[in-house]
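Thanks for coming. I will talk about salt bridges today, so please have a look at the sequence and the structure first.

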Amino acid sequence: MVMTTNTTDTKTAMDLMNAANTVNATKAVNQAAVAEYARLDFAKSARKAFRALIGFDAAAREGLDPALVELIQIRASHLNHCAYCLHMHTNDARKAGESEDRLHMVAVWREARHFFTEREQAALALTEAVTLVADRGVPDDVYARAADQFEEHELAQVLALIFAINTWNRIALSTGKVAGTDER
């Protein structure tokens, strides 16, 4: 008796095994990276401060368009070179329906203005100025542009959000958080 195998079934099975191995390998690499760079767990070691920051972050977001929130957090994370937060917020933006095109253009928004509304552009410019405040402060024209696009209470919320993400970026960078290991 001659046995025949279906090459399609064999290929599918192999593809599934390879995919499972890739997922397991990625998890192992992430766990190794976390172990290698293990630093202070800020959430556990400074519980009161961490809870206060979570509250501040939630209050800052209140009333703002979720897409705008993610764009601000992504841009600040780019500027601060925070891979952990960038990974988290690009994933959050995708889950909220943000397009890949816009996500790819956030870092170069000035050259790709047509991807963003005037309001988003004003918020991105303000995010850059506040994030890089030590370089040249917050220029009057950048602030005025944002003030033209947002009501006073909204502008305060945008500023609070920028303050919050810059704090989160600094926590993640200082404590060695590894991109791809968000446990929310």
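How many salt bridges does the count come to? The count is 9 salt bridges. Keep in mind that this is a predicted model. I will go through three of the pairs.

Start with K44 and D41. Their side chains meet in a salt bridge, with an N to O distance of 4.0 Å. K44 is exposed, at a relative accessible area of 57%, and D41 is partly exposed, at 35%.

Next, E128 and R110. These two form a salt bridge in which the closest N and O atoms are 2.4 Å apart. E128 sits in helix α7, residues 118–131, while R110 is in the loop between α6 and α7, so this pair ties together parts 18 residues apart in sequence. Is E128 buried or exposed? With a relative accessibility of 9%, E128 counts as buried. R110, on the other hand, is partly exposed, with a relative accessible area of 37%.

The third pair is R119 and E154, whose side chains meet in a salt bridge at 2.7 Å, N to O. Here R119 belongs to helix α7 and E154 to helix α10, which covers residues 152–174, so the pair links parts that are 35 residues apart in sequence. R119 is partly exposed, with a relative accessible area of 29%. E154 counts as buried, at 17% relative accessibility, because buried means under 20% relative accessible area.

Last item: which residues are joined into one network by salt bridges that share partners? They are R75, R110 and E128.

Key
Residues are numbered from 1 along each chain as its sequence is written. This is a predicted model: local features need pLDDT of at least 70, side-chain atom pairs count only at pLDDT 80 or more; totals for chains, interfaces and linings use all residues. Side-chain values use heavy atoms; hydrogens and water are left out. Buried means under 20% relative accessible area, exposed over 50%, partly exposed in between (1.4 Å probe, protein chains only). Helices (H or I, at least four residues) and strands (E, at least two) are DSSP runs, numbered from the N terminus.
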